[in-house]
Amino acid sequence: MRLGRSARAAIIGFALTLGAVACSTGTETAASAPPSASAGGGLEKTKLKVATLPAIDSAAIYVAIDQGLFKQEGLDVTPEVVQAAPEAIPMLVKGEIDAMFGNYVSMFAAHDKQALKLRILAEGSRAAPDSLSIMALPTSPIKTPKDLEGKTINVNVLHNFQELALTQVLKANNVDPATIKYVQVTFQNIMPSWKGGQIDAAYLGEPMVTAATSTMGARKILDPASGPAAEFPISGYVSSQEWYDKNPKTAAAFQRAIHNAAKLMENNREVVAKVLPNFTQIDAATAATVTFPYFSSSDNPVRLQRVADWMWEAKWLSKQIDVKSLMSPTTSG
């Protein structure tokens, strides 16, 4: 049962289908500190509600709370956990939250459909080597990437970042992506579907990669975060353009805190492991061993443009998106 609970809460960047998870808010309820000198004067707003996912990717916001980085910027940030990024988009449009954390594919799709006029506040996570994996059971005839042709692979949501990244990696490995059959499988059903033969290879993220390797002898066939999809941008923090226009200093302060959290996390794994049990169902022992994504301490429009370009190539957009035009100026040091 531990694998099922952890997997539902922690697969990197996925649009999660999860039960409610309690968040630790003990450090976020204190009165707001005065804005830091770098904040450039008074903020338009100091108390923010931000929708987050109970996934490793969103750790930066919890590290920023735990380490007092939002307080240094004069912000009091309250995370509101949602089950999947699309759930938060209407909340953002209605003004029920100030910002949200979610995967770029869902957010670019909403922007394209004019359901949301998007403003990217800060990048969040990028796929790291071995954080995602296409895996086969020990008895499977699948031995190489080429063996995946004609096979069935699970995804959490059809036409989302899992499929988008893997398509590019398959092509780079001389595998025809058009031959792959994707089926939507909830996280709790991945293992039963895999063992029961409903899927031929499993698309897993941490901590399921580690668990499947150690407990089932599963074999890694392909890394969806390799080759052209290396450091593939998965998720980030966004607001509506309308909110940003009204709160530019607040947006800049939020961005600085997220970037500073990511800088702290780059060389200090312990600060990430410390907060994970507060907003996911990953226990401390698991948090100490799983592979983390990369957390972005600066924003890169070239890197992020890949997502929109691949969505356009896949015909998932009605028009091309200039990602740079949606990004906030980087105010971090």
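Val50 stands opposite Ala99 in strand 3, and that pair is a handy way into these exercises. The model is predicted, so local features need pLDDT of at least 70 and side-chain atom pairs count only at pLDDT 80 or more, while totals for chains, interfaces and linings use all residues. Residues are numbered from 1 along each chain as its sequence is written, and side-chain values use heavy atoms, with hydrogens and water left out.

**Exercise 1.** Find which strands pair with strand 3, and in which sense.

*Solution.* Start with the terms. Strands (E, at least two residues) and helices (H or I, at least four) are DSSP runs, numbered from the N terminus. Two strands pair if DSSP finds at least two bridges between them.

Step 1: strand 1 (residues 47–52) pairs with strand 3 in the parallel sense, over two bridges.

Step 2: strand 10 (residues 233–240) pairs with strand 3 in the antiparallel sense, over four bridges. Here Asn103 stands opposite Ser235.

Step 3: check the surroundings. Buried means under 20% relative accessible area, exposed over 50%, and partly exposed in between (1.4 Å probe, protein chains only). Five of the five residues of strand 3 (residues 99–103) are buried, so the strand is largely enclosed by the rest of the structure.

**Exercise 2.** Place strand 3 in its sheet and name the edge strands.

*Solution.* Step 1: write down the order, which is 2-1-3-10-4-11 in an open sheet of six strands with mixed pairing.

Step 2: look at the ends. Strand 2 (76–81) and strand 11 (294–295) each have a single partner strand, so one side of each lacks a neighbour in the sheet.

Step 3: follow strand 11 inward. Two bridges join it to strand 4 (residues 118–126), and the two run antiparallel. Tyr294 is the bridge partner of Arg126.

Step 4: add the helix. Helix 2 (residues 59–66) packs on this sheet and touches strand 1, strand 2, strand 10 and strand 11. Contact means heavy atoms within 4.5 Å.

**Exercise 3.** Describe the sheet of three strands and the helix lying across it.

*Solution.* Step 1: the strands form an open sheet in the order 8-5-9, with antiparallel pairing. Strand 8 (202–205) and strand 9 (219–222) are the edge strands, each pairing on one side only. From one strand to the next, the twist averages 50 degrees; axes are lines fitted to C-alpha atoms, for helices over the stretch in contact, and angles run from 0 to 180 degrees between N-to-C directions.

Step 2: strand 5 (residues 132–136) is joined to strand 8 by four bridges, with Ser133 opposite Leu204.

Step 3: helix 6 (residues 161–172) lies across strand 5, strand 8 and strand 9, at about 75 degrees to strand 9.

**Exercise 4.** How does helix 6 pack against helix 13, and which residues make the contact?

*Solution.* Step 1: helix 6 and helix 13 (residues 301–313) pack at about 80 degrees, with axes 10 Å apart. That makes the pair roughly perpendicular (65 to 115 degrees; under 35 is roughly parallel, over 145 roughly antiparallel, the rest oblique).

Step 2: helix 6 contributes Leu164, Ala165, Gln168 and Lys171, and helix 13 contributes Val307, Trp310, Met311 and Glu313.

**Exercise 5.** Is Glu163 buried or exposed, and what does it touch?

*Solution.* Step 1: Glu163 is found in helix 6, and its relative accessible area of 11% makes it buried.

Step 2: leaving aside neighbours within four places in sequence, Glu163 is in contact with Leu158, Tyr182 and Trp316.
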